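This briefing introduces the aromatic contacts of one protein structure to a reader who has not met it before. Please view the sequence and structure first, then read the points below.

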Amino acid sequence: MTVTLEGERLAEVARRLRDADTGGWRQPALRALVSSLGWEWREAAGDAGEAWLRPTGRYESDFVHDGEEFVGLHVPVELVAGGATAKAESFRRAAETLTEAFGRASIMGAYGDLGPFYESTPVWGSPFLRWRGKPDTLELRAGERGPELLLQPTDPAENWFWRQGHGEAHAIGGFFGSRRVSANGGLGFPGYWQTDDWDVYTSALSDFLGSLPAETSALGIGLDLGIHALVPGTYGPVVFHIVCGDQLEIVYSTEELDGAGPGTDPASLGWIPEATAPARLSHWIDWTHHSGVFGPDDTDGPRLARLLVDTLRGLGVSSPKDLSLSDHAQTVDDYQVDFYGLTLRENP
């Protein structure tokens, strides 16, 4: 059965999923649920647009503890023919419908390039909104061709997430935001990973920035990230300011960096001087150069990552561990956000 959900139909299906008795994620109860919704039983992704169940396989089995035979019922919301902008808009419409039905999601974020159970995520972005429950959780997430609903047992996915906090490079990416609400009682958070290798950091930054406008646009949030850098001869000022909502723009300030670093000519690195063209978004630092503005379909993550890293290395910053986020950067609306893919935290 091909599924297209919108408006009241989307809210109705989401309510029925959220209220369903999944019987410990074993086959008898799930067969009854699938039949009640008028769908065919499928244990793998079939033709685009069809609902399907994800069985507990080799990787999933490492994270289940209660004998779950399945770890998710996936229901496509819309198949989107366009690129990242169109997919993000579809996700946002679905998010608005579900928020009206259930209130604000208790958890939101983006998976980066690695999703639960080591699954690769969509190339256009990996946003998700999660209405956490016990024993089951409803999630709106990115599918390869558009948004999808996911009903899943709560513990396996959270066990997977928790166990990524082993400190190795690229162990976990994207960002994860939670609200201080009762639904998040007992929620655990993995530790960050960091690196002192500029090449590793460039790769992580490229992944983080490349899909960021699609993800923030889909989630309906705005990020405001000032980045401090321990530039030799300075007190560690905010060097970059990243703003990202429906569009992404980065500004760079040289005002407190006179004489710092051997190779800091911004224009030669690719920065656009203020005198050539003004920045288009609002920034709270006094900037002298900017990156240009990018949307979901035209963000060049590798180029932007090289621009920032080449600038930092030219300034003499010795390691990515000499970077930190400005105060309040991790507060987004009423979510506390950990930027795992960026590897940075606010100043202590």
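Phe208 has a relative accessible area of 5% and is therefore buried. The model that shows this is a predicted one. Across the whole structure, a search finds 19 aromatic pairs, and two of them are described here, followed by a cluster and two charge contacts.

**Pair of Phe63 and Phe117**
- Among the 19 aromatic pairs, Phe63 and Phe117 form a tilted one, with 6.1 Å from centre to centre and 40 degrees between the planes.
- Distant parts of the chain are linked by this pair: Phe63 belongs to the loop between strand S1 (52–55) and strand S2 (70–76), and Phe117 to the loop between strand S3 (107–110) and strand S4 (127–131), 54 residues apart.
- Phe63 counts as buried because its relative accessibility is 1%.
- Phe117 is likewise buried, at a relative accessible area of 6%.

**Pair of Phe208 and Phe339**
- The ring centres of Phe208 and Phe339 are 6.2 Å apart and the planes meet at 80 degrees, so this pair is edge-to-face.
- Because Phe208 lies in helix H5 (residues 198–210) and Phe339 in the segment after strand S15 (335–338), the pair ties together parts 131 residues apart in sequence.
- Phe339 has a relative accessible area of 0%, so this residue is buried.

**Aromatic cluster**
- One aromatic cluster is formed by Tyr111, Phe128, Phe161, Phe176, Phe189, Tyr192 and Tyr340.

**Charges over rings**
- Arg18 places its charged end over the ring of Phe102, 4.7 Å from the ring's centre.
- Arg31 lies over the face of Trp41, with 4.2 Å to the ring centre.

Terms used. Residues numbered from 1 in each chain as written. Predicted model: local features only at pLDDT ≥ 70, side-chain atom pairs only at ≥ 80, totals over all residues. Heavy atoms only, no water. Phe/Tyr/Trp six-rings, centres within 6.5 Å; stacked < 30°, edge-to-face > 60°. Helix = DSSP H or I, 4+ residues; strand = E, 2+ residues; numbered from the N terminus. Buried < 20%, exposed > 50% of the residue type's maximum accessible area, 1.4 Å probe, protein only. Lys NZ or Arg CZ within 6 Å of the ring centre and 35° of its normal.
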